[in-house]
Amino acid sequence: KKKNFIEDEADCKFVLLTKEGHEEVHRILSSRTLLYYFLRDFVGVEDEVAKNDSCQMEHLMSAETGAKFFQFMKDLACSCDATDGLHKKTKYKTSLDLCSYLTADEFIHQQKGDAHL
């Protein structure tokens with residue numbers, strides 16, 4: 001409540017996510033997704049380890065670090081062809097299609113969770 005992420009629903013004991021709460025959920029989901037794929041696909045840890053570690057680390061990543069981390073991973077996994085502006089895969093292989101997102105904000109706002117997580 002102090003961070004304006006939730007509010008009480010009128011006439012009942014339930015709480016609702018505010019707009020800010022939804023944005024925070026998307027930010028945390030994107031952090032977890034990035035961390036999971038980075039640990040699994042870039043670092044090479046086992047799937048279960050990547051799941052557990054990304055779950056523990058997701059809340060600790062700031063919005064600024066998340067945006068820079070997204071760009072770092074995208075730079076490793078994608079290269080832009082200067083002639084047509086299209087992104088092409090590089091030597092780092094990940095099943096997370098980072099090349100289809102122009103910005104970290106676009107990636108964050110499209111997060112709905114991941115089947116692997």
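Is cysteine 99 buried or exposed? Cysteine 99 is buried, with a relative accessible area of 13%. This value, like the others in this report, comes from a predicted model.

**The cysteines**

Three cysteines can be set side by side.

| Residue | Burial | Relative accessible area |
|---|---|---|
| Cysteine 78 | buried | 8% |
| Cysteine 99 | buried | 13% |
| Cysteine 55 | partly exposed | 34% |

The structure has 1 disulfide. The bond runs between cysteine 78 and cysteine 99, with an S to S distance of 1.8 Å. The angle about the S-S bond is -110 degrees, and the link is left-handed. Cysteine 78 belongs to strand 3 (residues 78-80), while cysteine 99 sits in the loop between strand 4 (87-89) and helix 4 (104-109), so the disulfide ties together parts that are 21 residues apart in sequence.

**Helix 1**

Helix 1 covers residues 19-43, which makes 25 residues. From its first C-alpha to its last, helix 1 reaches 35 Å, close to the expected 36 Å. Glycine 44 comes just after helix 1 and has a positive phi of about 95 degrees.

**The nonpolar core**

The largest nonpolar core has 20 residues. Those that touch the most other members are Leu34, Phe69, Phe70, Met73, Leu96, Leu98 and Phe107. At least two residues of this core come from each of helix 1, helix 3 (63-77) and helix 4. Helix 1 gives the largest share, 7 residues.

Which residues does leucine 34 touch, leaving aside those up to four places away in sequence? Leucine 34 is in contact with Gly66, Phe69, Phe70, Met73, Leu96, Leu98 and Phe107.

Methods
Residues numbered from 1 in each chain as written. Predicted model: local features only at pLDDT ≥ 70, side-chain atom pairs only at ≥ 80, totals over all residues. Heavy atoms only, no water. Disulfide = S-S within 2.5 Å. Helix = DSSP H or I, 4+ residues; strand = E, 2+ residues; numbered from the N terminus. Buried < 20%, exposed > 50% of the residue type's maximum accessible area, 1.4 Å probe, protein only. Expected span 1.5 Å × (residues − 1). Core = buried A, V, L, I, M, F, W, Y, C linked by side-chain atoms within 4.5 Å. Contact = heavy atoms within 4.5 Å.
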